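Biologist: I am new to this structure and would be grateful for a close look at a single part of it. Please take the open sheet as the subject, together with what lies against it, and then place it among its surroundings.

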Amino acid sequence: MPQEKILVLDFGGQYNQLIARRVRECHVYAEVVPYTTPLSALLAMEPAGIIFTGGPNSVYDDASPHYDPAILTAGIPVLGICYGAQLIAHMAGGRVESAPVSEYGRTTVFAETDSRLLRHVHAQTTVWMSHTDYIAQAPEGFRVTARTENCPCAAMENDAQRIYAVQFHPEVLHTQEGKIVLRNFVRGICGCRGSWRMDSFVQTAVAQMREKIGDGRVLCALSGGVDSSVAAVLLSKAVGRQLTCVFVDHGLLRKNEGDEVEAIFGPQGPYELNFIRVNAQERFYGRLAGVTEPEKKRKIIGEEFIRVFEEEAKKIGAVDFLAQGTIYPDVIESGLGASATIKSHHNVGGLPDHVEFREIVEPLRMLFKDEVRRLGRELGLPESLVSRQPFPGPGLAIRVIGEVTGEKLAILREADAIFREEMAEAGLDKTANQYFAVLTELRSVGVMGDGRSYDRAVALRSVQTSDFMTADFSRLPWEVLDRVSVRIVNEVRGVNRVLYDITSKPPATVEYE
């Protein structure tokens with residue numbers, strides 16, 4: 001791992017991965033670790049600084065997550081955010097209570113700008129608050145450096161011990177100068193130089209893969225999406241022809257996508273890869289028959305992927321490693337430390353207990369999506385592939401609500417293709433970060449050809465996001481939505497209603513299941 005690193009100690013906050021993302025924007029490597037990690041293990045990782053995340057609990061409740069108070073005297077800079085700030089106050093002898101007035105959303109904060117943490121922040125600025133408890137009394141040795149109308153301690157610090165705390169969330173974009181606060185901590189207080197760059201990542205990752213794999217053979221799970229494609233090219237750079245890429249066409253891809261993947265990575269494509277295409281549509285349809293629960297779908301698809309790869313490995317001879325395009329949000333959303341399991345990603349929480357490979361290799365496991373795209377550009381992948389729309393590993397199975405059938409998939413493929421065509425025609429494919437159609441379980445009455453219809457409803461989803469940890473729905477032009485709706489209802493048999501999803505993340509996720 002990089003010499004310079006910030007550890008994000010996870011106390012169950014919904015923004016913990018976003019904190020790590022913002023630290024990396026300062027060109028410093030950050031990693032989320034569970035609060036159950038012993039202090040000795042944290043210190044062994046030699047972090048330049050530690051950040052306590054927020055969380056849903058009250059620090060004065062004995063059942064809530066706590067930590068070894070010795071961390072405050074270990075000589076390493078610490079920053080507490082929200083619950084993390086209250087935990088520092090609690091551990092250091094301050095007083096945390098239920099606030100007379102809760103603060104949620106945008107709030108004006110008044111800051112002491114001579115604070116090292118708040119340097120270059122305006123004396124009056126807007127922050128994002130989300131708390132019902134507050135620091136009623138700062139611990140001895142701490143100076144209060146910010147307040148709001150209802151919160152007497154919106155920030156505090158013990159500069160001598162390099163311990164800092166903020167009640168607000170600097171990691172979210174709604175906090176106007178949050179990036180300055182985090183940069184002050186990471187680059188100023190922790191003294192990090194900012195050496196985390198993609199070119200250095202490529203060199204380090206290639207060297208690590210070569211050492212790990214040695215003369216072994218690698219089977220790469222290639223979906224044709226951004227993550228697995230970048231992983232494949234990175235591994236190819238590391239071990240060359242020791243790598244075989246297997247593309248499983250599970251029948252859950254978008255329209256014409258299987259052929260497009262083969263055109264890029266197959267024998268006629270530009271890459272020096274051993275490529276195998278496995279047509280396994282009927283196999284996956286059979287396993288998914290009658291299944292409606294989203295988590296069960298994901299786990300079935302994850303296990304079936306592995307079984308197909310095991311079978312292909314036996315056909316090509318001894319294979320030592322299975323490579324996957326797992327990225328950091330997959331790991332975190334599948335449940336890490338105190339964080340809730342949002343959904344099991346097929347290549348993380350969906351893995352079966354028994355896998356017939358010596359080891360699984362995941363070279364992108366600690367990268368966020370935009371970092372993967374930057375890595376792809378660094379590796380020389382074409383922009384058309386690097387900027388490709390994100391597509392989940394379980395494919396259209398989690399965009400068909402309820403049971404997955406061939407008939408439903410055919411309807412969804414056509415509706416999704418129309419939506420993507422019209423978005424590209426309007427030039428919106430360059431501004432919307434992800435957009436797709438979903439086949440809902442809703443049936444409704446309509447009038448088509450002067451007769452009554454009772455058909456399905458398709459939902460359209462389009463979001464704007466910088467990191468896919470949070471997302472806002474796209475404000476698409478009405479004329480575009482109108483064209484998409486008219487085309488889908490007229491061209492796709494079995495659909496008589498089109499809906500547009502205007503829910504952001506949170507509370508929703510980007511995908512439906």
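Modeller: The account below begins with the sheet and then moves to other parts of the chain.

The model is a predicted one. Its open sheet has nine strands, and their order is β2-β1-β3-β4-β9-β8-β7-β5-β6. The pairing within this sheet is mixed. Two strands form the edges, namely β2, residues 29-34, and β6, residues 124-137, and each of these pairs on one side only. From one strand to the next, the twist averages 20°.

One pairing inside the sheet may be followed in detail. Strand β7, residues 143-147, and strand β8, residues 155-158, pair in the antiparallel sense, and three bridges join them. Within this pair, Arg143 stands opposite Glu157 of β8. In general, the side chains of a regular strand alternate between the two faces of the sheet.

Helices lie across these strands. Helix α1, residues 16-25, lies across β1 (5-10), β2, β3 (49-52) and β4 (78-81). The direction of α1 is at about 160° to that of β2. Helix α3, residues 83-91, lies across β3, β4, β5 (95-111), β6, β8 and β9 (163-166). With respect to β4, helix α3 runs at about 120°.

The strands β5 and β6 also take part in enclosing empty space. In general, such space is revealed by rolling a probe the size of a water molecule over the atoms. Two cavities of 30 Å³ or more are counted in the model, and the second largest holds about 60 Å³. Both β5 and β6 supply at least two residues of the lining of this second largest cavity, and β6 gives the most, with three residues. Among the lining residues are Val109, Ala111, Thr125, Thr126, Val127 and Ala146. Others include Phe168, Thr175, Glu177 and Val181. By class, the lining of the second largest cavity comprises eight nonpolar, three polar and one charged residues.

Further along the chain, two helices pack against each other. Helix α5, residues 198-213, and helix α6, residues 226-239, have axes that come within 9 Å and cross at roughly 65°. The crossing of α5 past α6 is right-handed. From α5, the residues in contact include Phe201, Val202, Met209 and Ile213, and from α6 they include Leu234, Leu235 and Val239. The residues of this contact divide into 10 nonpolar, no polar and two charged.

The largest pocket has a volume of about 890 Å³. Its lining has 31 residues, and Ser384, Ser387, Arg388, Gln389 and Tyr435 lie nearest the centre. Helices α7 (257-265), α11 (369-378), α12 (383-386) and α13 (406-425) each supply at least two residues of this lining. The most comes from α11, with five residues. In the lining of the largest pocket, 15 residues are charged, nine are nonpolar and seven are polar.

Tyr435, one of the residues nearest the centre of that pocket, leads to a further set of paired strands. Strand β15, residues 434-448, pairs in the antiparallel sense with strand β16, residues 451-464, over 12 bridges. Here the bridge partner of Gln434 is Val463 in β16. Strand β16 also pairs in the parallel sense with β18, residues 495-500, over five bridges, and Ala459 stands opposite Leu499 in β18. In addition, β16 pairs in the antiparallel sense with β17, residues 472-473, over two bridges. In that pairing, Gln464 has Asp472 of β17 as its bridge partner.

Note on methods:
Residues are numbered from 1 along each chain as its sequence is written. This is a predicted model: local features need pLDDT of at least 70, side-chain atom pairs count only at pLDDT 80 or more; totals for chains, interfaces and linings use all residues. Side-chain values use heavy atoms; hydrogens and water are left out. Two strands pair if DSSP finds at least two bridges between them. Helices (H or I, at least four residues) and strands (E, at least two) are DSSP runs, numbered from the N terminus. Axes are lines fitted to C-alpha atoms, for helices over the stretch in contact, and angles run from 0 to 180 degrees between N-to-C directions. Contact means heavy atoms within 4.5 Å. On a 1 Å grid over the protein atoms alone, a cavity is a set of points where a 1.4 Å probe fits but cannot get out, and a pocket is an open set with protein on both sides within 12 Å along at least five of seven lines; lining residues have an atom within 4 Å of a point. Grid points are joined across faces, edges and corners, and a volume is the space filled by probe spheres set on the points. Ala, Val, Leu, Ile, Met, Phe, Trp, Tyr, Cys and Pro count as nonpolar, Asp, Glu, Lys and Arg as charged, and the others, Gly among them, as polar. A crossing is left-handed if the near helix is turned anticlockwise from the far one by less than a right angle, and right-handed if clockwise.
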